[in-house]
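Subject: A structure for you to look at

Hello,

Here is the structure I promised to pass on to you. Please open it next to this email and follow along as you read.

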Amino acid sequence: MIEFHPVTKHIGAEVTGVDLRKPLSQEEVATLREGWLKHLVLFFRDQHIDDEQHLQFALNFGTLNHPAFKKDAASPIHVLDQTSPKSEGADEWHSDNTFEPTPPMGSLLRCVQLPSVGGDTCWANTYLAYETLSPPLQRLCDELTAVHDITMSMKKAIAKGHPFDLAEIQAKWPPIERPVVRVHAETGRKALFVNRSSTTRLVGLSDRENEALLPLLIDHIRSPEYQCRLKWAPGTLAFWDNRPTQHYAVADYTERRRMHRVTINAFPEHADPS
């Protein structure tokens, strides 16, 4: 029987009673989806699966998303293989690819190889980040939109030696405006939807107002009460909802860390209204 064991009061649960090497029944998929929507990120321990099993598990919940900068475009698996992750971009709070017209719904990240110590990942509940704002600030945020731009993260990647053509990337993904408060397509709950990686300004506000308000909103999600932290082990898989969460990869290691990820888009019935 599938069971969910919360790791904090507000976000994260370890899942027992399921073997990801085997196909899931419709009932199991429905149970896992219900738990995922409730806990926002699920942790599966001791699941020593291969890439094909990883992919098939992911496709129970959405359609395949091809990440913007995956090196092997033909493979559904995005390999994250790092030994020097500092300032690569994942070591700050973010939701994935909010600069895209339709950001991915979720990701399933599996640990393959770890350094001797370090390499944890943290997640934050952005429903709670919105709900704990004062009512006047909630009302203001409800009316605001923000610009999401790939430029900041690309400049960091280029500075780390990645051979990206910034002008070409900016032309492919121009800045996009989206609401500061996102309404989840499945739960109807509101979540704060700005992040340090991609959100550059609040639309319609002066520079001085942006300098005051945008950092406040971005930093608001850093409260530990909104967060959980995962200590990885080979065979651990994390499945998170990209819509009401942000995550942070702790860059505290200098040995090889190899992770395999499948990213998914929403099925049409679970997609945001157009």
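Below is what I found, going from the whole chain to single residues.

Please keep in mind that this is a predicted model, so every value below is computed from predicted positions.

**The whole chain**

The protein chain is built from seven helices and 16 strands. How does its radius of gyration compare with that of a compact globule? For 274 residues, a compact globule would come out near 19 Å, and the protein chain has 18 Å, so the two agree. If you measure along the principal axes, the C-alpha trace spans about 55 × 40 × 35 Å.

Half the story is on the inside: 50% of the 274 residues count as buried. On the outside, the protein chain exposes about 13,100 Å², and carbon and sulfur atoms supply 52% of that area.

You may also like to see how the chain meets itself. Among contacts with a separation of 6 or more, 83% are between residues 24 or more positions apart in the sequence. As for charge, there are 30 positive and 36 negative charges, and their mean positions are 3 Å apart.

**One helix in detail**

Next, please find helix H7, which covers residues 207–220. This helix has 14 residues and reaches 20 Å from its first C-alpha to its last, close to the 20 Å expected at 1.5 Å a residue.

Which residues of H7 are buried? They are Asn210, Leu213, Leu214, Leu217, Ile218 and His220. Their cover includes two helices, H3 (126–131) and H4 (135–143), along with two strands, E11 (190–192) and E12 (199–202).

**Two residues with positive phi**

Finally, two residues are worth clicking on. Leu40 is not a glycine, yet its phi is positive, near 75 degrees. You will find Leu40 in the loop between helix H1 (26–39) and strand E3 (41–44).

Asn97 is another residue other than glycine with a positive phi, in this case about 55 degrees. Asn97 sits in the loop between strand E5 (78–82) and strand E6 (106–113).

Are these loop residues buried or exposed? Leu40 is buried, because its relative accessible area is 1%. Asn97 has 19% relative accessibility, and since the cut-off for buried is under 20%, Asn97 counts as buried too.

Enjoy exploring, and write back with any questions.

Best wishes

Notes:
Residues numbered from 1 in each chain as written. Predicted model: local features only at pLDDT ≥ 70, side-chain atom pairs only at ≥ 80, totals over all residues. Heavy atoms only, no water. Helix = DSSP H or I, 4+ residues; strand = E, 2+ residues; numbered from the N terminus. Rg over C-alpha atoms; globule rule 2.2 N^0.38 Å. Buried < 20%, exposed > 50% of the residue type's maximum accessible area, 1.4 Å probe, protein only. Contact = heavy atoms within 4.5 Å. Areas by Shrake-Rupley, 256 points an atom, 1.4 Å probe, with all protein chains shown as cover. Lys, Arg positive; Asp, Glu negative; His and termini not counted. Charge placed at Lys NZ, Arg CZ, Asp CG, Glu CD. Expected span 1.5 Å × (residues − 1).
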